[in-house]
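Visitor: I am new to this structure and should like to be guided through it. Please show it first, and then explain each term as it arises.

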Amino acid sequence: MESKSHFEPDVVYETFKQVWARSSEERGSKEETDDAAMTEAELVVEVIANAAGGPSKMPRSTTANANALKLTCEVLKLFLTETVQRAAMVAEPEGSTQIEGSHLERILPQLLLDF
Amino acid sequence: MMDVETEFCVDENLRERIMLAVVKTVEEEAQGLHLTIAPNAMTAIGAITLKFLEQLARDVEMFAQHAGRKSVNMEDVLLTVRRNPSVVANLMSVIEELASASKKIQAEKLKKKQDPEELHVEKPKKGRKKDTDSVQGRKLKKGQDDLQAEKMLEFDEGERLRKKFMA
């Protein structure tokens with residue numbers, strides 16, 4: 001059972017950073033449409049952040065710890081093995097030796113609820 | 001292309017690397033079960049995994065922010081899979097492995113430090129003279145201590161998480 005995950009921590013980290021950049025952009029644009037509610041201090045911070053060179057340098061950019069990345073790789077591996085095993089359980093009684101889209105369709109709802 | 005409506009945050013290059021890992025993992029698993037995967041099923045699994053990972057990224061960022069942190073840690077990741085006890089159990093054993101591995105490294109480092117015959121100090125950069133009393137030397141020493149402290153933290157965090165999630 002000791003197969004290592006094929007996912008590399010830096011791939012996971014890159015993905016995280018891109019998702020976080022996108023979500024902080026969205027948050028940024030939401031705030032801009034609500035200027036009246038922003039205090040002067042917040043406006044100043046935003047101006048500085050924009051001057052500093054864009055969304056990736058915003059004061060609230062998130063990072064991740066190395067162990068969190070390793071755990072995420074493990075989560076991904078478990079997710080995939082669970083998917084394949086559930087699909088196999090549906091495919092085998094039918095006698096097929098290949099996992100098809102139809103098998104996947106059947107297990108997908110429960111899989112997404114469980115994860 | 002059929003998935004025009006599903007927009008991904010991730011760029012092409014990264015998508016390919018993720019897909020590669022997905023394919024390897026899925027094929028390995030299927031082989032173990034003596035089955036094959038249809039290509040369209042594989043593509044679908046890839047898309048699902050990507051969506052899953054993106055959602056996980058958002059969740060984990062929010063958990064960290066909720067805890068008042070800027071850095072996502074193991075606890076946040078564990079929280080994303082809280083609904084699935086077998087996954088939690090599995091991850092706890094991974095955490096234990098990590099903790100015991102880091103404890104081992106720590107013990108080795110401690111041994112090296114205490115061994116007087118080992119002149120095994122890290123070489124200062126650019127061939128400057130080794131001078132542990134200088135600021136540079138003190139900085140180097142501090143760096144090693146920080147690393148040890150980090151390993152200690154990892155070990156402690158593992159223990160704390162175990163108590164929390166396995167109560």
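Guide: A residue is called buried under 20% relative accessible area, exposed over 50%, and partly exposed in between (1.4 Å probe, protein chains only). This is a predicted model, in which local features need pLDDT of at least 70 and side-chain atom pairs count only at pLDDT 80 or more, while totals for chains, interfaces and linings use all residues. Residues are numbered from 1 along each chain as its sequence is written, chains are lettered from A and ligands numbered from 1 in the order in which they are written, and side-chain values use heavy atoms, with hydrogens and water left out.

Visitor: Is B:Asp76 buried or exposed?

Guide: B:Asp76 meets B:Arg69 in a salt bridge between side chains, at 2.8 Å from N to O; the term denotes a side-chain nitrogen of Lys or Arg within 4 Å of a carboxyl oxygen of Asp or Glu. Its partner, B:Arg69, is partly exposed at 24% relative accessible area. B:Asp76 itself has a relative accessible area of 2%, and therefore counts as buried.

Visitor: What pattern does chain B follow along the sequence?

Guide: Helices (H or I, at least four residues) and strands (E, at least two) are DSSP runs, numbered from the N terminus. Chain B has five helices and two strands. Read along the sequence, they give the pattern α-β-α-β-α-α-α.

Visitor: How many residues does each chain bring to the contact between chain A and chain B?

Guide: Contact here means heavy atoms within 4.5 Å. By that rule, the two sides comprise 53 residues from chain A and 55 residues from chain B.

Visitor: What area do chain A and chain B bury between them?

Guide: The size of an interface is often given as the accessible area lost when the parts come together. Buried area is that loss (1.4 Å probe) for two parts, summed over both. Of the area buried here, 68% is on carbon and sulfur atoms, and the total is about 5000 Å².

Visitor: Which three residues supply the most of the area that chain A buries against chain B?

Guide: One set of three supplies 13% of that area, more than any other three residues. The set consists of A:His6, A:Asn67 and A:Leu71.

Visitor: Which residue of chain B meets A:Asp10 in a salt bridge?

Guide: Between chain A and chain B the count is two salt bridges. In one of these, A:Asp10 lies 4.0 Å, N to O, from the side chain of B:Arg17.

Visitor: Which element gives the most residues to the side of chain A that touches chain B?

Guide: Several elements of chain A each supply at least two residues to that side, including helix H1 (9–32), helix H3 (66–94) and helix H4 (101–114). The greatest contribution is 17 residues, and it comes from H3(A).

Visitor: Which residue of chain B stands opposite A:Ile99?

Guide: Two strands pair if DSSP finds at least two bridges between them. S2(A) and strand S1 (residues 36–37) of chain B pair in the parallel sense over two bridges. In this pairing A:Ile99 faces a residue of S1(B), namely B:Ile37.

Visitor: What relative accessible area does B:Thr49 have?

Guide: B:Thr49 belongs to helix H2 (residues 39–66) of chain B. Beyond residues up to four places away in sequence, B:Thr49 touches A:Phe7, A:Leu76, A:Phe79, A:Leu80 and B:Val22. A polar atom of its side chain lies 2.7 Å from the backbone oxygen of B:Ile45. B:Thr49 is buried, because its relative accessible area is 0%.

Visitor: Which residue of chain A is in contact with B:Ala30?

Guide: B:Ala30 is found in helix H1 of chain B and is buried, with a relative accessible area of 2%. Leaving aside neighbours within four places in sequence, B:Ala30 is in contact with B:Leu35 and B:Ile37 and, from chain A, with A:Val84.

Visitor: What phi does B:His34 have?

Guide: B:His34 sits in the loop between H1 and S1 of chain B. B:His34 counts as exposed because its relative accessible area is 69%. Although B:His34 is not a glycine, its phi is positive, at about 60 degrees.

Visitor: How far apart in helical turns are A:Glu74 and A:Lys77?

Guide: A:Glu74 and A:Lys77 form a salt bridge with their closest N and O atoms 3.7 Å apart, and both residues are buried. They are three residues apart in helix H3 of chain A, so their separation is about one helical turn.

Note on methods: Polar contact = N/O pair within 3.5 Å; in protein donor to acceptor, adjacent residues only side chain to side chain.
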